[in-house]
Amino acid sequence: MKKIELKGKTILVTGAAGFIGAHLVMRLLKEEEARIVGIDDLNDYYDVELKKHRLELVADTAEKTSSAWIFEEASISDRDGLRKIFDTYDPAVVVNLAAQAGVRYSISHPDPYIETNINGFYYILEECRRSKTEGRGFEYLVYASSSSVYGDNSEIPYKVEDPVDKPVSLYAATKKSNELMAHAYSKLYGLPVCGLRFFTVYGPAGRPDMAYFGFTDKLIAGKTIDIFNYGNCKRDFTYVDDVTKGVSLVIKKAPEESEAGPAYALYNIGNSSPVDLMEFIEILGEELIKAGVLPEDFDMKAHERLLPMQPGDVPVTYADTSALQRDYGYSPSTDLRKGLSEFAGWYKRYYCK
Ligand SMILES: NC(=O)c1ccc[n+]([C@@H]2O[C@H](COP(=O)([O-])OP(=O)(O)OC[C@H]3O[C@@H](n4cnc5c(N)ncnc54)[C@H](O)[C@@H]3O)[C@@H](O)[C@H]2O)c1
């Protein structure tokens, strides 16, 4: 593997106002002596104020560090705009997190998945190729894939080598397409590229469309939460800091071309200890009560409704992280209670002022 020196270079993070993007930028600002350029189109798939709040957290962090932070409101699906970003900042490392996320939304609103996850990702690859072939700064592309590519594979834990050609949602199909496109560009143009399959990421300033966040909103409003597949569901819940730690290690060491294939790699970043959804909800409830988000005498069970499985959902996600451990000496391990306590504390500060 090839060491990537980040000192004095530019790291471009797309989707920087997003949940994982903002947490990643804060980590990079604290840990690297690099210039961090973030772009995001600030679309309204969910509350734009939350994206702006994250950018404020990033700006506060940037003020306390010596690293440079630049944000531009821009879309990866705008080919000319993206070209200008590459021409202006000449990034050495590109971390592509911008995407239309969400499995269920891809069933009702397929267009943005194609515009951003397919076209936008293609433009990212093209800009990396252009920078490399013109002998400019590009050295390494790291991009977000997803555990959803495993579809309803029955063999667990999920290994990166497992066949993943039977997606059960358009979202998963776009993420699998990214992996194929990235491999082709790596092979054709010698681009060092690494894909990271994230597993159900949670934490402070998270995504309101994800179950734990939506549950919290509903419980506060005194509403009932819908638990699909009658709660028979296991998820490899991964704390956001564990994900950004993994990304920060991966961007410092790139795959190299060899007889075995191009400079292309793929890793799972997941907690590798799936938790029963009902246990997750129980701990979430306890931590919300502890943080003062819910009253002490709150009756969780009275607010739960068990329902059948939803289209596109999968009953279990479980990451085999041995490849990440082997190549980067790292596996996520934050305890669920600690992670949910951080989420509950942030929720209280942000929403229950
Ligand atoms: N959170 C998870 O559990 C999870 C799991 C697997 C994979 N992922 C992937 O990780 C990445 C980050 O996810 P997240 O949870 O932070 O989601 P997020 O929606 O919070 O962040 C994505 C950001 O990208 C931005 N964006 C969307 N389209 C864009 C475009 N065309 N141009 C520029 N910006 C655009 C959005 O405004 C948003 O701020 C995504 O690629 C997602 O698919 C996330």
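Two strands are taken to pair when DSSP finds at least two bridges between them. With that in hand, the sheet of this predicted model is a good place to start. Strands β2 and β3 run parallel and are joined by 5 bridges, and in that pairing L12 has V37 of β3 as its bridge partner. Strand β2, residues 10-14, also pairs with β5 in the parallel sense, this time over 4 bridges. There, T14 stands opposite N96 of β5. Moving on from β5, another 4 bridges tie it to β6, and these two strands run parallel as well. Within that pairing, V93 is matched with Y140 of β6.

How well covered are these strands? In β3, 5 of the 6 residues are buried, so the strand is largely enclosed by the rest of the structure. In a regular strand, side chains alternate between the two faces of the sheet. Strand β5, residues 93-96, has both of its faces covered. On one side sit V93 and V95, on the other V94 and N96, and all four are buried.

Next comes the ligand. The shell around the ligand holds 29 residues, and those that come nearest are G15, G18, A98, A99 and A144. Sorted by class, the shell has 13 nonpolar, 12 polar and 4 charged residues. Which elements supply at least two residues each? These are α1 (19-31), β3 (35-40), α5 (111-133) and β6 (140-146). The largest share, 3 residues, comes from α1. Two of the contributors have already turned up in the sheet: β3, which is bridged to β2, and β6, which is bridged to β5.

Further along the chain, two helices are worth taking together. Helix α11 covers residues 336-351, 16 residues in total, and reaches 22 Å from its first C-alpha to its last, close to the 22 Å expected at 1.5 Å a residue. Its buried residues are G339, L340, F343, A344 and Y347. They cover an arc of only 135° around the axis, which puts them on the same side of α11. The face turned away from that buried side carries K338 and R349, both exposed. As for what the buried residues of α11 pack against, the partners are β8 (201-202), α7 (211-220), β11 (238-239) and α9 (277-290).

Helix α9 passes the same kind of length check: its 14 residues should span 20 Å at 1.5 Å a residue, and the end C-alpha atoms are 20 Å apart, which agrees. Buried positions in α9 are L277, F280, I281, I283, L284, G285, E287 and L288. These buried residues pack against α7, β9, β10, β14 (275-276) and α11. Helix α7 therefore appears among the packing partners of the buried residues of α11 and also among those of α9. Just after α9, G292 takes a positive phi of about 85°.

The loop between β6 and α6 (170-189) has a couple of details of its own. V164 lies in this loop, and it counts as buried because it has 21 C-beta neighbours inside 10 Å, where 20 or more are needed. Leaving aside residues up to four places away in sequence, V164 touches V149, Y150, G151 and K176. V164 and N153 are 11 residues apart in sequence, with 7.9 Å between their C-alpha atoms. P157 is found in the loop between β6 and α6 too, and the peptide bond joining I156 and P157 is cis, with omega at about -5°.

That brings up backbone geometry. Most residues other than glycine have a negative phi, and most peptide bonds are trans. Which way does phi go at A205, positive or negative? A205 is not a glycine, yet its phi is positive, at about 55°. A205 sits in the loop between β8 and α7 and is partly exposed, with 19 other C-beta atoms within 10 Å. N229 is another residue other than glycine with a positive phi, near 50°. N229 lies in the loop between β9 (225-227) and β10 (234-235), and with 16 C-beta neighbours inside 10 Å it counts as partly exposed.

Key:
Residues numbered from 1 in each chain as written. Predicted model: local features only at pLDDT ≥ 70, side-chain atom pairs only at ≥ 80, totals over all residues. Near = placed C-beta within 6 Å. Nonpolar A, V, L, I, M, F, W, Y, C, P; charged D, E, K, R; others polar. Buried ≥ 20, exposed ≤ 12 C-beta atoms within 10 Å, placed from the backbone. Expected span 1.5 Å × (residues − 1). Arc of directions from axis to C-beta. Contact = placed C-beta atoms within 7 Å.
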